[in-house]
Amino acid sequence: MTTGLLIVQVLNGLQLGILLFLVAAGLTLVFGVMDFINLAHGVQYMLGAYLAVTFVGITGSFVLGLVLALAAALVIGLALEFLVFRHLYERDHLDQVLATFGLILLLNQGVKMVWGAAPLSVPIPAFLAGNIALLDGILYPTYRFALIGAGLAVGALLWFIVERTRTGMLLRAGASNAPMVSALGVDINKLFMIVFAFGTMLAAFAGAMAAPILSVEPGMGDNILILAFVVIVVGGIGSIRGAFVGALIVGLVDTLGRSFMNDLLRLFMSAPSARAAGAALSSMLIYLVMAIVLFVRPEGLLPAKGRS
C-alpha cells in the first residue's frame, strides 16, 4: 500500500459515492414522501446511460447529448408515473414490489430490443480527456474529477432546492408526514409528480455521467439499485443529508475494502488464506456497515426530521 495508491482509491470511492448519492437521493425522496417502494428506480439510471449513448452519437457533443438525454429521461419517467406508478400509490408494499419488479424485466427486455444486448460506451469528451498528476507521479483521469465535481454541484443544487425553497419545504414535510401535508390542502398528486421528476433526473444524470467510464448494458441499474437501498438505510429514509453521508460511506467502504482487504488480512494469515477471505469479506463490508448502523441507530445516521 502506497500513499499514491491510497489517494487514487479514495478518489474512486468518492466517485462511486457521488453516483450512489445521485441515485439514492431520488429513491429516498420517493420512499420517504410517498411510502412507495420503486424497484424500477435503477432502470432510470440505465435509461440515462442508454439515452446518453444515443444522443451523444447523434449530436457529436457530450454536453448537448447529456441535456437531451436528461430531457428524454424526464419524459419517460413522467410517462411511467402517469401510466403505472400512480395506480400503485394506494396499494400495499408487496403489490408495489411485484409491479415494479415486473417493470424492471419489461424495460430490460425493451432495452435489448432497441439497443441490443452488446455493451455500449460513450466517448469521453475531448475537453475532459487526459489526466491530472497526483503524488508520486500517479495520473488520475480528468473526467473522473469532473464527475465528482458535477455530482457535488448537483448535490449542492438539490440541497438548496430542498432546504431553501417552498417546493423543498413541501418535500421535507411530505417525508415527515405526507397525510398531514395532504390534509393541509397540498395537491399530493402534483407533489408526487415533482418527486418522481427529481428522482428521474438524478438517476438519469448519474447514468449519463457514468456512461463514458462504465459499460452500458442491460441490467446495469440492478446492482446500483441494491447499493442505493443500502445508502438510504444507512443515511436515513427521506433525508437528503443522510443520502449524501450514507453514499460517501458506502462508496469509500466498498472501494477501499476491495482494494486493501487482502493486504490487511496478510498481517494475520497466509497469503492464500488472505486472498480467499479477502474476496468474501470485501463484498460483505457494506452490508456489515448497514447492520451496525441498524443496530446502533435503526432510523439511520441522519433521518428526516420527524422520523428519528
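In this predicted model, Phe 36 and Tyr 89 are both buried. Their ring centres lie 5.6 Å apart with the planes at 90°, so the pair counts as edge-to-face. Phe 36 sits in the loop between α1 and α2 and Tyr 89 in the loop between α3 and α4, so this contact ties together parts that are 53 residues apart in sequence.

Phe 36 has a further partner in Phe 85, which is likewise buried. These two rings form one of the eight aromatic pairs in the structure. The arrangement is again edge-to-face, at 5.6 Å centre to centre and 70° between the planes. Here too distant parts of the chain are linked, with Phe 36 and Phe 85 lying 49 residues apart. Together with Phe 196, the residues Phe 36, Phe 85 and Tyr 89 make up one aromatic cluster.

Helix α7 spans residues 188–210, and its 23 residues should cover 33 Å at 1.5 Å a residue; the end C-alpha atoms are 33 Å apart, which agrees. Of these 23 residues, 17 are buried, leaving α7 mostly covered.

An unreviewed UniProt entry lists several transmembrane regions, including residues 43–60 and 226–253. Residues 43–60 are 94% helix, with end C-alpha atoms 25 Å apart. For residues 226–253, the helix content is 86% and the end C-alpha atoms lie 15 Å apart.

A look at the surface completes the picture. Leu 264, Leu 267, Phe 268 and Met 269 make a nonpolar surface patch of about 460 Å². Within this group, Phe 268 belongs to the loop between α9 and α10 and is exposed, with a relative accessible area of 69%.

How values were computed
Residues numbered from 1 in each chain as written. Predicted model: local features only at pLDDT ≥ 70, side-chain atom pairs only at ≥ 80, totals over all residues. Heavy atoms only, no water. UniProt positions renumbered as here; feature names shortened; annotations may be inferred. Helix = DSSP H or I, 4+ residues; strand = E, 2+ residues; numbered from the N terminus. Patch = residues over 30% accessible without salt bridge, like charges linked within 9 Å, V, L, I, M, F, W, Y side chains within 5 Å. Areas by Shrake-Rupley, 256 points an atom, 1.4 Å probe, with all protein chains shown as cover. Salt bridge = Lys/Arg side-chain N within 4 Å of Asp/Glu carboxyl O. Buried < 20%, exposed > 50% of the residue type's maximum accessible area, 1.4 Å probe, protein only. Expected span 1.5 Å × (residues − 1). Phe/Tyr/Trp six-rings, centres within 6.5 Å; stacked < 30°, edge-to-face > 60°.
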